[in-house]
Amino acid sequence: MKIAIAIIIVLVVAAIGAAIVAKRRSPNAELTPAKKIMPPTQMMPPGQMSYSQLDITERFGDNERLKPDEWISTQPLSKTTPNGQASGLPSADATNDEVYAIASKMSQIRESIAIPNDGVYCPICHIANIQLAKLHAPCPKCGRPLLKFGWD
Ligand SMILES: [Zn+2]
C-alpha cells in the first residue's frame with residue numbers, strides 16, 4: 001500500500017514537473033520562428049566606429065547661432081581621437097590631398113542619407129557653413145568642393 005501511494009506521488013510530481021517544463025518551453029517555441037527571421041545583432045568591434053566627416057564644431061547647436069553666410073571654424077577629429085586611423089580617420093601626417101580624399105568618401109556616404117540640418121565644410125580649411133545648397137561649391141578659401149557636414 002505504501003508503495004502504491006509512493007508511486008502515485010511520484011507520478012503526480014512527474015506530471016506537475018512535465019507541465020511546468022511544457023509551460024516554460026511554449027514561449028520559447030513561439031519565439032523560435034521570430035528569432036530565425038531576425039538578423040543576428042552585429043556588434044561593432046571597438047576601434048571600428050566609422051565616421052561620416054572629419055571635423056566637428058566645438059559646441060552643440062553651433063548651427064543654430066550661425067547666419068546663412070557665416071562660417072565657423074571646425075576641429076579635426078583626428079587631433080582628438082586616440083587611434084583614429086583604426087576608425088578611418090587620416091593620420092596626423094597625412095597630406096591635404098589624402099585628408100580630402102578620405103573626407104570626400106565619407107561625404108559621399110553622408111550625401112546618400114537625408115539628414116536634417118546638415119551643412120557643408122572644408123576638411124582642409126576647417127570651416128563650416130549651414131547652407132547645404134553650397135554642397136560641392138568651391139571652398140571660399142581653397143577652392144576644393146565643399147563636403148556634407150553634420151552639426152551634432
Ligand atoms: Zn578649403
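User: How many helices and strands does the protein have?

Analyst: This is a predicted model: local features need pLDDT of at least 70, side-chain atom pairs count only at pLDDT 80 or more, and totals for chains, interfaces and linings use all residues. Residues are numbered from 1 along each chain as its sequence is written. Helices (H or I, at least four residues) and strands (E, at least two) are DSSP runs, numbered from the N terminus, and here the elements run α-β-α-β-β-α-α-β-β-β. The count is four helices and six strands.

User: In what order do the four strands of the open sheet stand?

Analyst: Two strands pair if DSSP finds at least two bridges between them. In this open sheet the pairing is antiparallel. The order of the four strands is E2-E5-E4-E6.

User: Which strands stand at the edges, with one side left without a neighbour in the sheet?

Analyst: An edge strand here has a single partner strand, so one side of that strand has no neighbour in the sheet. This applies to E2 (72-73) and E6 (147-149). The edge strands are therefore E2 and E6.

User: Which residue in E5 stands opposite Cys122?

Analyst: E4 (residues 119-122) and E5 (residues 127-129) run antiparallel and are joined by three bridges. Their hairpin has four residues between the strands, and His126 takes a positive phi near 60° there. Opposite Cys122 stands Ile127.

User: Which residue in E6 stands opposite Gly119?

Analyst: E4 also pairs with E6, in the antiparallel sense and over three bridges. In that pairing, the residue opposite Gly119 is Phe149.

User: Which residues of E4 point the other way from Gly119 and Tyr121?

Analyst: A residue is buried if 20 or more other C-beta atoms, placed from the backbone, lie within 10 Å of its own, exposed if 12 or fewer, and partly exposed in between. Gly119 and Tyr121 point one way from E4 and are buried. Also buried, but pointing the other way, are Val120 and Cys122.

User: Which residues touch the most other members of the largest nonpolar core?

Analyst: A nonpolar core is a set of buried Ala, Val, Leu, Ile, Met, Phe, Trp, Tyr and Cys residues joined through C-beta atoms within 7 Å. The largest one has 16 residues, and Val120, Tyr121, Cys122, Leu146 and Leu147 touch the most other members. H4, E4, E5 and E6 each give two or more residues to this core. The residues asked for are Val120, Tyr121, Cys122, Leu146 and Leu147.

User: What share of the residues in the protein is buried?

Analyst: The protein has 152 residues. In soluble globular proteins, nonpolar side chains tend to be buried together. The buried share of the protein is 21%.

User: How does the reach of H4 stand against the expected value, and what is that value?

Analyst: H4 has 16 residues and reaches 21 Å from its first C-alpha to its last. The expected span is 1.5 Å times one less than the number of residues. The reach of H4 is close to the expected 22 Å.

User: How wide is the arc covered by the buried residues of H4?

Analyst: Tyr100, Ala103, Met106 and Ser107 are buried in H4. They lie on the same side of H4 because their arc around the axis, taken from the directions to the C-beta atoms, is narrow enough to be given as only 130°. On the other side, Asp97, Glu98 and Gln108 are exposed. The arc is 130°.

User: Which residues does Pro138 contact beyond four places in sequence?

Analyst: Pro138 lies in the loop between E5 and E6 and is exposed, with 12 other C-beta atoms within 10 Å. Pro138 and Cys122 are 16 residues apart in sequence and 9.2 Å apart in space, C-alpha to C-alpha. Two residues are in contact if their C-beta atoms, placed from the backbone, lie within 7 Å. By that cut-off, Pro138 contacts Gly143, Arg144 and Pro145.

User: What is the phi of Asn83?

Analyst: Asn83 lies in the loop between H3 (77-80) and H4 (96-111). With 9 C-beta neighbours inside 10 Å, Asn83 is exposed. The phi is positive in a residue other than glycine, near 60°.
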